[in-house]
Amino acid sequence: MGKDQTVLFHSTIFGPIHSRRLGVSLGVNLTPNDGKVCSFDCLYCEAGFNSQGAGTTGLPDRAKVARELEAKLKAMSDAGDPLDVITFSGNGEPTLHPDFEGIIDDTLALRDRYYPEAKVSVLSNSTRLGSEAVCRALERVDNNILKLDSAVEETMRLIDRPNAPGFTVEKVVEQLKRFSGTGIIQTMILEGEHDGHDVSNTSPEEIRALIEAYKAIRPREVMLYSIDRTTPAEKLRKVPRERLEEIAEAVRAEGIEVQVN
């Protein structure tokens, strides 16, 4: 059983919040305001498990996103408020939105008008890289942050719990190569168990597999982080920063830039 954890964001535009990774961040939620829609069902997701349901509000349409984002950006600009980044995250996977590419185009135009120095970031779980429209959009943003939590198939399935049986480590690593030099790979490092299974990805074998995947992908950067909030799976443990730094050094030894959060 998991904790009774539910959606975090009850609006399409939220914040700004101070992100430990991204600075002053204005959030964009392309999933429902009262439910969760995701192609993964991660054990550590701060928005809770998918079993809470998709809610009733549906996905916000492209015009609504643009309208609400412009209103917020204008109000912040008029007030002289700082903004470092516009971040697509929310209650699930943003790239599932059918108008994702168009919404990114609108967002870039609004960013250029109100906060030209701000970055646009997308936090994605990498499940939609088979879509050319999604990939084109991700190539246009400043920070294309793509998930790879384990390069061992069994561990990935235990931690991330993908909805699609056809989603595999081998396939996603191949797709991630498209963003060589530009994409940022984000890896959740954790320890613990769930339903009697060890779900740790800190063993030497796990780290070796991740390093081989990173070497194949050659991202702009790797982001390593661990649990920061309550998780719906109750027997997960935060990995100490010292261990994250050890893993980071092993990755850096291969000539790959690493940020520890």
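A cavity is here a set of grid points where a 1.4 Å probe fits but cannot get out. In the predicted model, a search of the whole structure returns 1 cavity of 30 Å³ or more. The volume of the largest cavity is about 40 Å³. Its lining consists of Phe 40, Asn 125, Lys 147, Leu 148, Asp 149, Met 156, Asp 160, Phe 167 and Val 172.

Two of the lining residues, Leu 148 and Asp 149, also appear in other parts of the analysis. The largest nonpolar core comprises 71 residues, and Leu 148 is among the three that touch the most other members, together with Leu 73 and Tyr 214. With residues up to four places away in sequence left aside, the contacts of Leu 73 are Leu 26, Leu 83, Ile 86, Leu 110, Arg 111, Tyr 114 and Tyr 115.

Asp 149 is placed in the loop between strand 5 (143-147) and helix 4 (153-160). Because its relative accessibility is 1%, Asp 149 counts as buried, the cut-off being under 20%. The side chain of Asp 149 is joined to that of Tyr 44 by a polar contact of 2.6 Å. Beyond four places in sequence, Asp 149 touches Tyr 44, Ile 159, Asp 160, Gln 186, Thr 187, Met 188, Asn 201 and Leu 210. Of these residues, Met 188 lies 39 residues from Asp 149 in sequence, with a C-alpha to C-alpha distance of 5.4 Å.

Helix 2 spans residues 100-114. Its 15 residues reach 21 Å from the first C-alpha to the last, close to the 21 Å expected at 1.5 Å a residue. Helix 2 is largely enclosed by the rest of the structure, because 11 of its 15 residues are buried. These buried residues are Phe 100, Glu 101, Gly 102, Ile 103, Ile 104, Asp 106, Thr 107, Leu 108, Leu 110, Arg 111 and Tyr 114. Leu 110, Arg 111 and Tyr 114 are also among the contacts of Leu 73. The elements covering the buried residues of helix 2 include helix 1, strand 3 (85-89), strand 4 (119-124) and helix 3 (132-140).

The loop between strand 2 (23-29) and helix 1 (62-79) contains Ser 39, and Thr 31 is located there as well. Thr 31 has a relative accessible area of 2% and is therefore buried. Its side chain makes a polar contact with the side chain of Asn 29 at 2.4 Å, and the side chain of Thr 31 also reaches the backbone nitrogen of Asn 91 at 3.0 Å. Apart from residues up to four places away in sequence, Thr 31 touches Val 37, Gly 58, Leu 59, Pro 60, Gly 90, Asn 91, Gly 92 and Glu 93.

Ser 39 likewise counts as buried, because its relative accessibility is 13%. A polar contact of 3.1 Å links the side chain of Ser 39 to the side chain of Asn 125, and Asn 125 is one of the residues lining the largest cavity. Outside the four-place sequence window, the contacts of Ser 39 are Glu 93, Leu 96, Asn 125, Thr 127, Arg 161, Pro 162 and Asn 163. Glu 93 is thus touched by Ser 39 and is also touched by Thr 31.

Ala 216 belongs to helix 6 (residues 204-217). With a relative accessibility of 37%, Ala 216 counts as partly exposed. Not counting residues up to four places away in sequence, Ala 216 touches Val 173 and Lys 177. Val 173 is 43 residues from Ala 216 along the chain, and their C-alpha atoms are separated by 7.6 Å.

Terms used
Residues are numbered from 1 along each chain as its sequence is written. This is a predicted model: local features need pLDDT of at least 70, side-chain atom pairs count only at pLDDT 80 or more; totals for chains, interfaces and linings use all residues. Side-chain values use heavy atoms; hydrogens and water are left out. A nonpolar core is a set of buried Ala, Val, Leu, Ile, Met, Phe, Trp, Tyr and Cys residues joined through side-chain atoms within 4.5 Å. Buried means under 20% relative accessible area, exposed over 50%, partly exposed in between (1.4 Å probe, protein chains only). Contact means heavy atoms within 4.5 Å. Helices (H or I, at least four residues) and strands (E, at least two) are DSSP runs, numbered from the N terminus. A polar contact is a pair of N or O atoms within 3.5 Å; within protein, one must be able to donate a hydrogen and the other to accept it, and residues adjacent in sequence count only if both atoms are side-chain atoms. The expected span of a helix is 1.5 Å times one less than its number of residues. On a 1 Å grid over the protein atoms alone, a cavity is a set of points where a 1.4 Å probe fits but cannot get out, and a pocket is an open set with protein on both sides within 12 Å along at least five of seven lines; lining residues have an atom within 4 Å of a point. Grid points are joined across faces, edges and corners, and a volume is the space filled by probe spheres set on the points.
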